[in-house]
Amino acid sequence: MAYMLLILEAGENRRSRPAEEGRLAYARMLGFTENLKARGVLKASDALRSDAEGVRLEVRRGKRTILDGPFAESKEIVGGFFLIDCQTKEQAIAIANECPAAEWATVEVREVGVCFDDSDGSPDQKIRADVDSGDLRST
C-alpha cells in the first residue's frame, strides 16, 4: 500500500530558521531519503518551496479566485512529502518515526486512496473503469 508522509511545519519557524541550521536539517532529510531508497520503500519525495511563492486557486459558481502567498491564515505549511510503499499503516508510522523532520515539524501519515466513502466498498475500481470507458461526466 502507498502512504504519504506530509511534513507540516510552522511557516514562521521555517522562515526564521538560520541558514546553517536549515542546511543541516536539509542534509539530514537527504540522508533519510537515501535510506528509504536503499530499503526499496521510497516511491517519490521532494521538498516544497516557501508558501510565499505559492498560489491558491479556487473556483466557486464559475468564478475563479487566485490568492498569492504567503497565506497568513495558515499556521502550518506543507514543507515536503515522501510517498512510500509499505504493507501496513504501522510500518508507515515506524518509517515516519525515523524522519528527522519529526524533531521540528509534524509528520502526518496518510494512506493513498479515494477521497470519499462509497457503500459498495470499491469506488476506486468503478471510477477507473468509468474513466477508461469515457463514461465519467463532470456535474
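In what order do the 4 strands of the open sheet stand? The order is β2-β5-β1-β6, and the pairing is antiparallel. Please keep in mind as you look around that this is a predicted model. Besides the sheet, there is a pocket to explore, with about 570 Å³ of space in the largest one, and an aromatic pair that links a helix to a strand.

**The sheet and its helix**

- The edges of the sheet are taken by β2 and β6 (residues 106-111); each has a single partner strand, so one side of each is left without a neighbour in the sheet.
- On average, neighbouring strands here are turned by 20° against each other, if direction is ignored.
- Helix α3, made of residues 89-98, packs on this sheet and touches β1, β5 and β6.
- The direction of α3 makes about 35° with that of β1.
- Strands β1 and β6 run antiparallel and are joined by 6 bridges.
- To see this pairing at the residue level, find I7, which stands opposite V107 in β6.

**The largest pocket**

- The largest pocket holds about 570 Å³ of space.
- It is lined by 25 residues, and those closest to its centre are R14, Y26, M29, A47 and G79.
- Four named elements each give two or more residues to the lining: β1 (2-10), α2 (19-39), β2 (42-47) and β5 (76-85).
- Helix α2 gives the most, with 8 residues.
- Sorted by class, the lining has 13 nonpolar residues, along with 6 polar and 6 charged ones.

**An aromatic pair**

- How many aromatic pairs does a search of the whole structure find? The search finds 1.
- The partners are F32 and F82, which meet edge-to-face, with 5.1 Å from centre to centre and 80° between the planes.
- Because F32 lies in helix α2 and F82 in strand β5, the pair ties together parts that are 50 residues apart in sequence.

**Backbone details in the loops**

- As background, most residues other than glycine have a negative phi, and most peptide bonds are trans.
- R61 has a positive phi of about 50°, although it is not a glycine.
- You can find R61 in the loop between β3 (55-60) and β4.
- The peptide bond that runs from G69 to P70 is cis, and its omega is near 5°.
- P70 itself lies in the loop between β4 (63-68) and β5.

Definitions and conventions:
Residues are numbered from 1 along each chain as its sequence is written. This is a predicted model: local features need pLDDT of at least 70, side-chain atom pairs count only at pLDDT 80 or more; totals for chains, interfaces and linings use all residues. Side-chain values use heavy atoms; hydrogens and water are left out. On a 1 Å grid over the protein atoms alone, a cavity is a set of points where a 1.4 Å probe fits but cannot get out, and a pocket is an open set with protein on both sides within 12 Å along at least five of seven lines; lining residues have an atom within 4 Å of a point. Grid points are joined across faces, edges and corners, and a volume is the space filled by probe spheres set on the points. Ala, Val, Leu, Ile, Met, Phe, Trp, Tyr, Cys and Pro count as nonpolar, Asp, Glu, Lys and Arg as charged, and the others, Gly among them, as polar. Two strands pair if DSSP finds at least two bridges between them. Axes are lines fitted to C-alpha atoms, for helices over the stretch in contact, and angles run from 0 to 180 degrees between N-to-C directions. Contact means heavy atoms within 4.5 Å. Rings of Phe, Tyr and Trp (its six-membered ring) pair if their centres lie within 6.5 Å; planes under 30 degrees apart count as stacked, over 60 as edge-to-face and the rest as tilted.
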